[in-house]
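Visitor: Could you take me through one part of this protein closely? I would like to hear about the aromatic ring pairs and what surrounds them.

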Amino acid sequence: MTEEAKGANPKSKPIKQQTKWVILFILIFISIGGFVIYSLYGMDSKPKELYLQTERNAYEDTMEHFKEKYGDSLRFKEAMLAGPSSSEINLTGSMKEITSDHKGLAFFLTILNQTDMDIHSIRDPENEVSYHTIHLQNENSKMNAAEIIQSSEQLGVKFPVLYDRFFYLNVNEYGDFASKYDQNYAGPEELDISRLNWGDLELSKGELNQIKLEYGTYLLDELKDDYFSLENNVEYESMTVKELTLEMSGEEVKSVLTGLMEKFLDDDELQHIIAERMIHITHAIKLDVDPEKINESQVKEDIIKRVSQWKQALAGMELEKFKSVILVDEADQIVDRQMELYGDENRFQFTTKSHGTHREGIIETQNASIELSQENIEKSNGIEEVIELALRKEDKDQHPIDMNLTINSEYSSDAANQQQVEREIRFQRNGETEDALKSGTITQEKSINLNSNLMEQRLVLDINHQGQDYSIQAESTTELLEQVSYPTITESNGENMVELTDDDLYRIIYEEIGGNFQEFMKVMDVF
């Protein structure tokens, strides 16, 4: 890596002052996270090792709780990504009056208000095929409204109530299709129908161990013993705790983080690991990917440019100090933590407290704060969970922000494979409940049987939006299967969008679809 490559691009836009602080705090948080994950058991009782082991324990407890609560869901979804499955979703709605400035949303809500919508989906990950059918039903009729199929070779859609043939596009003919309607089209000739699988993003054991070894060792060496201190028998909220502190001067913080970024800028292997996964994500969320622009060389160049900008921004910052304090009870559980970063006439503070069934976290800067709290209350028929989120921001050039969100959840069952919860939501802005989302309730039920390869879910959403009451209910059943079947599209049952002439389109739209659409609206009682 040359010094020129490591330096910031002179044409790059400067990083805003507030953004510098956010990036810096994130870098510190990630560094401590890597420092913790790399920790080893059986260390001695020095403050550094105690701090490290305590954070490691907190990390493992969090991961264990996550696995207990979401383990069955994750295993089921992993199986869905690996093999065939089918799902049935039933949607119903109830609205007294449809009011929306968005015509498409208003039309959808009107249909949902007067009909039941059934969506049947088949997925075949191995062959990269998904097939969906949509049926609409009211008291007058039931009809197959749409069929959608997507594979690595084709995209196709059919509206049987309007026209009983697929409109399809072969992905390798995308350039011809685009040029047909835009003579100046200069994009890719082929659509990229890639699917994002967790296996494409997950780090291998070898990659993870290499990162731990390289960066964990660096952080263990750079975070010196004298940055840490221990005070025993500290009184805190009617208990006696240990106080572990990590404190660094501004220059020490900059030295550690600058070295970390320089190490990354010289680390071609880690750049490759990140670039490879960014490419997978880009291909999955964007169909018209230009392979000339989205390749590993270009992505790595962009990553290097961004990290170089962070390095330059860090060099220009005046930091006073960084301080992290954790309070640990007799069970070696963290009951309070506080991280503070000072400098440039700014303050960035992150605080969390965990005592019994109450947890809270606060992020503060000079002119903004985010507060999040959680309280679990055991009841005879389950658990009540109260989550409160407050966001405040003062700005002399703009209107201040003062928002509060409260979610009150009643759990009658909260096992890994069985969940029943009713949530009440209240939203306020600037002290008043405004005409956006005022309040609402969400009822969720989920049942997973890994032995039967079955997952059942139910969701009821009751909200007040723009002064109107809406109720939407969804019930779904998903089954893991050995094999599935779906149609294939050929010239015998489809219209190739590249080959359709203007005369063909005119005939289909005006002679066939037009009349069928009027009949469809009458049958569904929309008009």
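Guide: Gladly; here is a look at the ring pairs, followed by a few other places in the fold. This is a predicted model, where local features need pLDDT of at least 70, side-chain atom pairs count only at pLDDT 80 or more, and totals for chains, interfaces and linings use all residues. Residues are numbered from 1 along each chain as its sequence is written, and side-chain values use heavy atoms, with hydrogens and water left out.

For orientation, the protein has 11 helices and 20 strands (DSSP runs numbered from the N terminus: helices are H or I with at least four residues, strands are E with at least two). Of its 527 residues, 37% are buried; buried means under 20% relative accessible area, exposed over 50%, and partly exposed in between, using a 1.4 Å probe and protein chains only.

Now to the rings. Searching the whole structure gives six aromatic pairs. Rings of Phe, Tyr and Trp (its six-membered ring) pair if their centres lie within 6.5 Å; planes under 30 degrees apart count as stacked, over 60 as edge-to-face and the rest as tilted. One of the pairs joins Tyr51 and Phe228 edge-to-face, with 5.4 Å from centre to centre and 65° between the planes. Tyr51 belongs to helix 3 (residues 47-82) and Phe228 to strand 7 (residues 228-236), so this pair links distant parts of the chain, 177 residues apart. Both Tyr51 and Phe228 are buried.

Tyr506 and Tyr510 make a tilted pair, because their ring centres are 4.6 Å apart and their planes stand at 35°. These two are four residues apart in helix 11 (residues 502-523), which means about one helical turn separates them. Tyr506 and Tyr510 are both exposed.

Another ring to look at is Tyr215: Lys263 lies over its face, 5.7 Å from the ring centre. Such a charge sits over a ring if NZ of Lys or CZ of Arg is within 6 Å of the ring centre and within 35 degrees of the ring normal.

Let me finish with Thr478, found in strand 19 (residues 468-480). Thr478 has a relative accessible area of 6%, so it counts as buried. Leaving aside residues up to four places away in sequence, Thr478 touches Phe76, Met80, Ser86, Ser87, Asn453, Leu454 and Met455, where contact means heavy atoms within 4.5 Å. Asn453 is 25 residues from Thr478 along the chain, and their C-alpha atoms are 8.3 Å apart.
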